[in-house]
Amino acid sequence: MSSLIVCHACDLVHRRDAILDRARVRCVRCRAELYRTNSASIDTAIAWAASALVLLLLSNAYPLVALQLNGSGEMYRNFFRFQGSMVIIILAMAGSVLVGNDFQFGSLPFYLSKPLSPWHYLAGKCLAVAAIVNLMTTLPALVLYFQYGVLTSWEYFIQDFRLLFGILGYGLELTVCLSLMLVATAGWLRRTVPMIMAWTTIFIFLRLLSVALVNGLKMSPRWRLMDLWNDTFLLGAYCLRVEPYKDWQPFQPTVGEAAVVLGVVCILCLTYLTLRIRAVEIVR
Ligand SMILES: [Zn+2]
């Protein structure tokens, strides 16, 4: 282990010292985290690996999600829906690390004091989130598309080339909405637990509330618009030119209304981020 360490945020050089177990070492100047120590790292790794193995066996014995591989738009719609829920869980947990730390530990003024505009900073953060979203949704969906075409017949690519645009459209919509929402909520809440609570509220509580209002109290289907995940789903199903789940959740608002709600949410997030970043004072 080298005895010197350079702060990744402000380039200050520190000497490494022997510190207590399970401690966090921060830069003396900018408070960015330099490294942490964890005496139980091997135990923790074994515990995670063992739990993962148990879950892997269970998930193979009792499949949570079954996807009918028939190459249709419905298949990609279901795929995006299930993968998308996984992405949301991962983003809720990773958001504070990806974005929140810069606000929390004051690294942001140092990034912005370098020749980097606030827009570059924002774009970089959104790109990191976009990479996660696309690696888990669009990319596997495209692989499925090409695999299905190659395994069945080449005519699939000619007949169903619209699906390709549908997949890209759904992926783009998820990328834009989720990355803006994640960067905005992480910039606001900064820490993991509040982030998870906020995303649970947005994606689970609002959904339950809208289901109760529309299905239970028979109110206007427009109340379902507050369920953002349903909105992305309506728009995605429209991109793939398939019906959303009419049998499962009847009484849906129109796609146009869902698109307007998502657009407004994105604009609000962008406005908040612009104000937030402008508020960072940089002394040059
Ligand atoms: Zn520093």
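Helices here are DSSP runs of H or I with at least four residues, and they are numbered from the N terminus. The model is predicted.

**Exercise 1. Place Q252 and decide whether Q252 is buried or exposed.**

Step 1. Locate the residue. Q252 sits in the loop that links α9 (228-239) to α10 (255-278).

Step 2. Count neighbours. Q252 has 22 C-beta neighbours inside 10 Å.

Step 3. Apply the cut-off. A residue is buried at 20 or more, so Q252 counts as buried.

Step 4. List the contacts, leaving aside neighbours within four places in sequence. Q252 touches P221, R224, L234 and P244.

Step 5. Take one of these partners. R224 is 28 residues from Q252 in sequence, yet their C-alpha atoms are 7.0 Å apart.

**Exercise 2. Do the same for F79: find its element, its exposure class and its contacts.**

Step 1. F79 belongs to helix α2, residues 73-104.

Step 2. Its C-beta neighbours inside 10 Å number 19.

Step 3. The buried class begins at 20, and the exposed class ends at 12. F79 therefore counts as partly exposed.

Step 4. Beyond four places in sequence, F79 is in contact with L67, A141 and L144.

Step 5. Check the spacing to A66. The two residues are 13 apart in sequence, and the C-alpha to C-alpha distance is 9.6 Å.

**Exercise 3. Describe how α7 packs against α8.**

Step 1. Choose the descriptors. A packed helix pair is described by the angle between the axes and the distance between them.

Step 2. Read both values. The axes of α7 (residues 161-189) and α8 (residues 192-216) come within 9 Å and cross at roughly 135 degrees.

Step 3. Classify the angle. Roughly antiparallel needs over 145 degrees, and roughly perpendicular spans 65 to 115. The pair falls in neither class, so α7 is oblique to α8.

Step 4. Assign the hand. The crossing of α7 past α8 is right-handed.

Step 5. Name the residues that meet. From α7 come T185, A186 and L189; from α8 come P194, M195 and A198.

Step 6. Sort them by type. The contact has 5 nonpolar residues, 1 polar and no charged.

**Exercise 4. Summarise the whole chain: its elements, its burial and the sequence range of its contacts.**

Step 1. Count the elements. The chain has 10 helices and 4 strands.

Step 2. Give their order. From the N terminus, the run is β-β-β-β-α-α-α-α-α-α-α-α-α-α.

Step 3. State the burial. Of 284 residues, 27% count as buried.

Step 4. Look at sequence range. Among contacts between residues at least 6 apart, 66% join residues at least 24 apart.

Terms used: Residues are numbered from 1 along each chain as its sequence is written. This is a predicted model: local features need pLDDT of at least 70, side-chain atom pairs count only at pLDDT 80 or more; totals for chains, interfaces and linings use all residues. Axes are lines fitted to C-alpha atoms, for helices over the stretch in contact, and angles run from 0 to 180 degrees between N-to-C directions. Helices (H or I, at least four residues) and strands (E, at least two) are DSSP runs, numbered from the N terminus. Angles under 35 degrees count as roughly parallel, over 145 as roughly antiparallel, 65 to 115 as roughly perpendicular and the rest as oblique. A crossing is left-handed if the near helix is turned anticlockwise from the far one by less than a right angle, and right-handed if clockwise. Two residues are in contact if their C-beta atoms, placed from the backbone, lie within 7 Å. Ala, Val, Leu, Ile, Met, Phe, Trp, Tyr, Cys and Pro count as nonpolar, Asp, Glu, Lys and Arg as charged, and the others, Gly among them, as polar.
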